[in-house]
Amino acid sequence: MLGLFKGMGITLKNMTKPKVTLGYPHEPIKMPDRFRGIQHFDPEKCIVCNQCARICPTNCISLTGKKHPDPNKRGKIINTYDINFEICILCDLCTEVCPTEAIIMTNRYELATYSREALLKDMKWLHANDQMIRQDNISSKPKRGGK
Amino acid sequence: MDWYIFVYPVILLAIVLVFVMYAIYFERKVIGWIQLRKGPTETGPKGLFQSAADVFKLLIKEDIIPSKADRPLFKLAPILAYVPAFSVLAVIPFTDAPYLKFSNVAVGLMYYLALSSITVMGVLLGGWASNNKYSLLGGMRAGAQMISYEIPLVLSVVGVVMSAGSLNLTEIVETQIAGAWNVFPQFLGFVVFIIAAIAELNRTPFDLPEAESELVAGYHTEYTGFRFAFFMLAEYTYVFAMASLITILFFGGWDAPFGLTFIPPLVWFILKFCCFVFLLFWLRATFPRLRGDQLMEFAWKGLLPLAIINIFVSALLKEVPFLSQYF
């Protein structure tokens, strides 16, 4: 019998406690810095080594390079760079393998669209996706390193 | 024939509909808060239009009647469930002002209790006419439960009727204004009444007829659209009626406690009414559902003897010199 009233006391007290739910669509959820979100791509840094396309487990990255416009310089520069987010699993392998950190992860995760075509992101879009970049991968900042 | 005989019931119906809408909204909010959630927040400011949107959705749904269902009975059932729910409100005196009660029937309490048991027929009929095992089980459970709890419900108010010497609800309130609120002298009767009332309303912890984990949805499994809305409406109209009845029988109706008469009687009535409605939501968020055999045992072996003891005790105390003023 007493238990019934105890239970009612607990539920009554619960009414004024802080809510555990998040106002998600209105307030974005802040992800931790190591979150694997949508990639940011920097064409300036890319050396067209093709490592990211080779390591990608779902083969969602396709890229083409072209000769450097300055004939005195060796190597290539990037021409097109596409990631197909229909099949990308955001596994972080492309950013791990990239020797120049031309492709790095951001904290953004919203990929819902109305059409499949909208999920095929090109170089321009990936370059413009420069908000909430993973802090560890910004090369101008000092590395955290092992302490 | 005066024109207001037709206009007042329409106004009351509108008030009941608004009450039902916001009772559902408030119920979802309260349960949300208790479960550390926010409840509806999206539809309209603070989610205020949530129930209106839900009702609108129900009204525009396709009206489906199962092909093997008993069509006339299937259509009759929601009407039979709702009409008594609304017509019992005719005898409820909201205040002593003549324009706030509809009919001053001498046997108002009896009228209420007699008519409210017709709803069981609607529920049982809906369950049977659907031609679905879950509906039938739900309907049978509802029938068994509502008939079992009707008896302690009626017997528990006998003490109140004896102390007032009348079945008229206005006179019952006036006796309480002169003496004490029935909740104090008739405390045992009040406890039995409130438990039986919750069971009559088919609400948690006595919501076995609609136990969704066992019966899909209970007697209204096959109902959609506005027919389903009518069953829901009947349920919440009974919440309105039962909250009014408890206020009148045990909490002195529109009587102002502590001599706070500057607050109008109607406001007092609404305050007491809201406390009971809140209690229902609070209980729903707290307690789990009873088991079927516990339910029947509780009504016949627990509440019924208590209600009879209450009658004898109040009859005895009526003869004690000092206490007789309260009984």
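Here are some friendly notes on the cavities, surface, backbone and salt bridges of this structure.

1. **Before you start.** Please keep in mind that this is a predicted model. Every value below is computed from it, with residues numbered from 1 along each chain.

2. **Empty space inside.** A good place to begin is the interior. Rolling a probe the size of a water molecule over the atoms shows where empty space is left. Across the whole structure, such a search turns up 4 cavities of 30 Å³ or more. The largest cavity has a volume of about 160 Å³, while the second largest has about 60 Å³.

3. **The largest cavity.** Which residues should you display to find its centre? Of the 15 residues lining the largest cavity, B:Thr119, B:Met146, B:Glu200, B:Leu201 and B:Tyr238 lie nearest its centre. Helix 4 (108–116), helix 5 (118–129) and helix 11 (225–250) of chain B are the elements that give two or more residues to this lining. Helix 11 of chain B supplies the largest share, with 5 residues. Sorted by class, the lining has 10 nonpolar, 3 polar and 2 charged residues.

4. **The second largest cavity.** For this one, turn to chain A. The lining includes A:Phe41, A:Tyr81, A:Pro99 and A:Thr100. Several cysteines also take part, among them A:Cys46, A:Cys49, A:Cys52 and A:Cys98. By class, 11 of the lining residues are nonpolar and 1 is polar, and no charged residues appear.

5. **A nonpolar patch on the surface.** Now for the outside of chain B. B:Trp3, B:Tyr4, B:Ile5, B:Phe6, B:Val7, B:Ile11 and B:Ile15 together make a nonpolar surface patch of about 710 Å². One of these residues, B:Tyr4, belongs to helix 1 (residues 4–34) of chain B. Its relative accessibility is 36%, so B:Tyr4 counts as partly exposed.

6. **A residue to compare in helix 11.** Is B:Ala241 buried or exposed? B:Ala241 sits in helix 11 of chain B and is buried, with a relative accessible area of 0%. If you would like a distance to check on screen, B:Ala241 and B:Gln145 are 19 Å apart in space, C-alpha to C-alpha, and 96 residues apart in sequence.

7. **Two backbone angles worth a look.** Most residues other than glycine have a negative phi. A:Asn50 is not a glycine, yet has a positive phi of about 70°. You will find A:Asn50 in the loop between strand 1 (39–41) and helix 2 (51–55) of chain A, and at 34% relative accessibility A:Asn50 counts as partly exposed. A:Leu90, which is not a glycine either, has a positive phi of about 50°. A:Leu90 is placed in the loop between strand 3 (76–84) and helix 3 (93–97) of chain A.

8. **A buried salt bridge.** The structure holds 6 salt bridges over all chains. In one of them, the side chains of B:Arg203 and B:Glu27 meet at 2.6 Å, N to O. The pair links distant parts of the chain, 176 residues apart: B:Arg203 lies in the loop between helix 9 (187–200) and helix 10 (212–215) of chain B, and B:Glu27 in helix 1 of chain B. Are these partners buried or exposed? B:Arg203 is buried, with a relative accessible area of 4%, and B:Glu27 is buried too, with 3%.

9. **A salt bridge between helices 1 and 2.** B:Arg28 and B:Asp54 form a salt bridge through their side chains, at 3.2 Å, N to O. B:Arg28 lies in helix 1 of chain B and B:Asp54 in helix 2 (residues 50–59) of chain B, so this pair ties together parts that are 26 residues apart in sequence. Both partners are partly exposed, B:Arg28 with a relative accessible area of 35% and B:Asp54 at 31%.

10. **A bridge to helix 11, and a network.** Another salt bridge joins the side chains of B:Arg227 and B:Asp63, at 2.8 Å, N to O. B:Arg227 is part of helix 11 of chain B, and B:Asp63 is in the loop between helix 2 and helix 3 (71–87) of chain B, so parts 164 residues apart in sequence are tied together. B:Arg227 counts as buried at 9% relative accessibility, whereas B:Asp63 is partly exposed at 33%. Finally, salt bridges that share partners join B:Glu27, B:Arg203 and B:Arg284 into one network.

Terms used. Chains are lettered from A and ligands numbered from 1 in the order in which they are written. This is a predicted model: local features need pLDDT of at least 70, side-chain atom pairs count only at pLDDT 80 or more; totals for chains, interfaces and linings use all residues. Side-chain values use heavy atoms; hydrogens and water are left out. On a 1 Å grid over the protein atoms alone, a cavity is a set of points where a 1.4 Å probe fits but cannot get out, and a pocket is an open set with protein on both sides within 12 Å along at least five of seven lines; lining residues have an atom within 4 Å of a point. Grid points are joined across faces, edges and corners, and a volume is the space filled by probe spheres set on the points. Helices (H or I, at least four residues) and strands (E, at least two) are DSSP runs, numbered from the N terminus. Ala, Val, Leu, Ile, Met, Phe, Trp, Tyr, Cys and Pro count as nonpolar, Asp, Glu, Lys and Arg as charged, and the others, Gly among them, as polar. Patches are made of residues with over 30% relative accessible area and no salt bridge: like charges are joined within 9 Å, nonpolar side chains (Val, Leu, Ile, Met, Phe, Trp, Tyr) within 5 Å. Accessible areas come from the Shrake-Rupley method with a 1.4 Å probe; for residues, only the protein chains shown count as cover. A salt bridge is a side-chain nitrogen of Lys or Arg within 4 Å of a carboxyl oxygen of Asp or Glu. Buried means under 20% relative accessible area, exposed over 50%, partly exposed in between (1.4 Å probe, protein chains only).
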